[in-house]
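Me: I would like to go through this model term by term, asking for each label what value stands behind it. Please set the value against its cut-off wherever the reasoning needs one.

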Amino acid sequence: MSSTLGVLQLLDGLPNHLKLVWDAAHDALAGDHPAVTLELGADRLGIVNLKNVHYTRTDGTWRTQFVEAEDGLSDWPAVFAAMRQVNYNGPVCLTGQYSDPATPVEERLRKDLHFAVTSAAQHPSRE
């Protein structure tokens, strides 16, 4: 499915133990905003995948390239604000999916983890 709304439509009518895997990069590729899609999927939300992506023009065609947190279309601070808005406290996954193998995944994950922690801290809890 190319969007959160498509997955929710697929889940409609299925048992509640089947959950939504919400993905920050794919949400951005679909042109959606986490404040909308996380709210719509809150009742079925099982896990949030944090990764990022942008388009690169290669050989005359546009291709997706999975990149570090700060470099893509997805706004991670907005993701954390939306998670807080819907009171999501479930699992969050740093997927470690990157298109360019030039930099070790571990190095990128360290940067992404730092950015995720910083992004989450930008939106203090209402508790």
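Me: Among contacts between residues at least 6 apart in sequence, what share joins residues at least 24 apart?

Reply: The model is a predicted one, and in it 65% of the contacts between residues at least 6 apart in sequence join residues at least 24 apart. A contact here requires heavy atoms within 4.5 Å.

Me: What is the order of helices and strands along the sequence?

Reply: The protein has five helices and five strands, and read along the sequence they follow the pattern α-β-α-α-β-β-β-α-β-α.

Me: Why is the protein called as compact as a globular protein of its length?

Reply: The radius of gyration is 15 Å, and the globule rule gives 14 Å for 127 residues; the two values are close, so the protein is as compact as a globular protein of that length. Along the principal axes, the C-alpha trace spans about 40 × 35 × 20 Å. Of the 127 residues, 33% count as buried, while the exposed surface amounts to about 7600 Å², of which carbon and sulfur atoms supply 53%.

Me: How far apart are the mean positions of the positive and negative charges?

Reply: The mean positions of the 10 positive and 16 negative charges are 2 Å apart.

Me: How many aromatic pairs does a search of the whole structure find, and why is the pair of Trp76 and Phe115 called tilted?

Reply: The search finds one aromatic pair. The ring centres of Trp76 and Phe115 are 6.0 Å apart, which is within the 6.5 Å that defines a pair, and their planes stand at 45°, neither under 30 degrees as for stacked rings nor over 60 as for edge-to-face ones, so the pair is tilted. Its members belong to distant parts of the chain, 39 residues apart, with Trp76 in helix H4 (residues 76-85) and Phe115 in helix H5 (residues 105-121).

Me: What makes Trp76 and Phe115 count as buried?

Reply: Buried means under 20% relative accessible area. Trp76 has a value of 0% and is therefore buried, and Phe115, at 16%, counts as buried because this value is also under the cut-off.

Me: How do you know that H4 is mostly covered?

Reply: Seven of the 10 residues of H4 are buried, namely Trp76, Pro77, Ala78, Val79, Phe80, Ala82 and Met83. One of these, Pro77, has its C-alpha atom 8.3 Å from that of Thr118, although the two residues are 41 apart along the chain.

Me: Why is Thr118 called partly exposed?

Reply: Thr118, which has its place in helix H5, shows a relative accessible area of 33%, and because this lies between the 20% limit for buried and the 50% limit for exposed, the residue is partly exposed.

Me: What makes the phi values of Asp59 and Asn87 worth pointing out?

Reply: Most residues other than glycine have a negative phi. Asp59, however, has a positive phi near 50°, and Asn87, just after H4, takes a positive phi of about 60°. Asp59 lies in the loop between strand S3 (52-58) and strand S4 (61-67), whereas Asn87 is found in the loop between H4 and strand S5 (92-94).

Me: Are Asp59 and Asn87 buried or exposed?

Reply: Exposed means over 50% relative accessible area; Asp59 is therefore exposed at 74%, and Asn87 is likewise exposed at 57%.

Me: Why is Ser74 said to be buried, and which residues does it touch?

Reply: Ser74, in the loop between S4 and H4, has 9% relative accessibility and counts as buried because that value is under 20%. Not counting residues up to four places away in sequence, Ser74 touches Ala24, Ala28, Lys51, Asn52, Ala69 and Val79.

Me: Why is Asn49 called buried?

Reply: The relative accessible area of Asn49 is 13%, under the 20% cut-off, so Asn49 is buried. Asn49 has its place in strand S2 (residues 45-50), and, leaving out residues up to four places away in sequence, the residues it touches are Val21, Trp22, Asp23, Ala24, Cys93 and Thr95.

Me: What covers the buried residues of helix H1?

Reply: The buried residues of H1 (residues 4-11) are Thr4, Gly6, Leu8 and Leu11, and their cover includes strand S1 (20-23), helix H2 (24-29) and helix H3 (34-41). H1 is followed by Gly13, whose phi is positive, near 90°.

Conventions:
Residues are numbered from 1 along each chain as its sequence is written. This is a predicted model: local features need pLDDT of at least 70, side-chain atom pairs count only at pLDDT 80 or more; totals for chains, interfaces and linings use all residues. Side-chain values use heavy atoms; hydrogens and water are left out. Helices (H or I, at least four residues) and strands (E, at least two) are DSSP runs, numbered from the N terminus. The radius of gyration is taken over C-alpha atoms; the globule rule is 2.2 Å times the number of residues to the power 0.38. Buried means under 20% relative accessible area, exposed over 50%, partly exposed in between (1.4 Å probe, protein chains only). Accessible areas come from the Shrake-Rupley method with a 1.4 Å probe; for residues, only the protein chains shown count as cover. Lys and Arg count as positive and Asp and Glu as negative; His and the chain ends are not counted. The place of a charge is taken as NZ of Lys, CZ of Arg, CG of Asp or CD of Glu.
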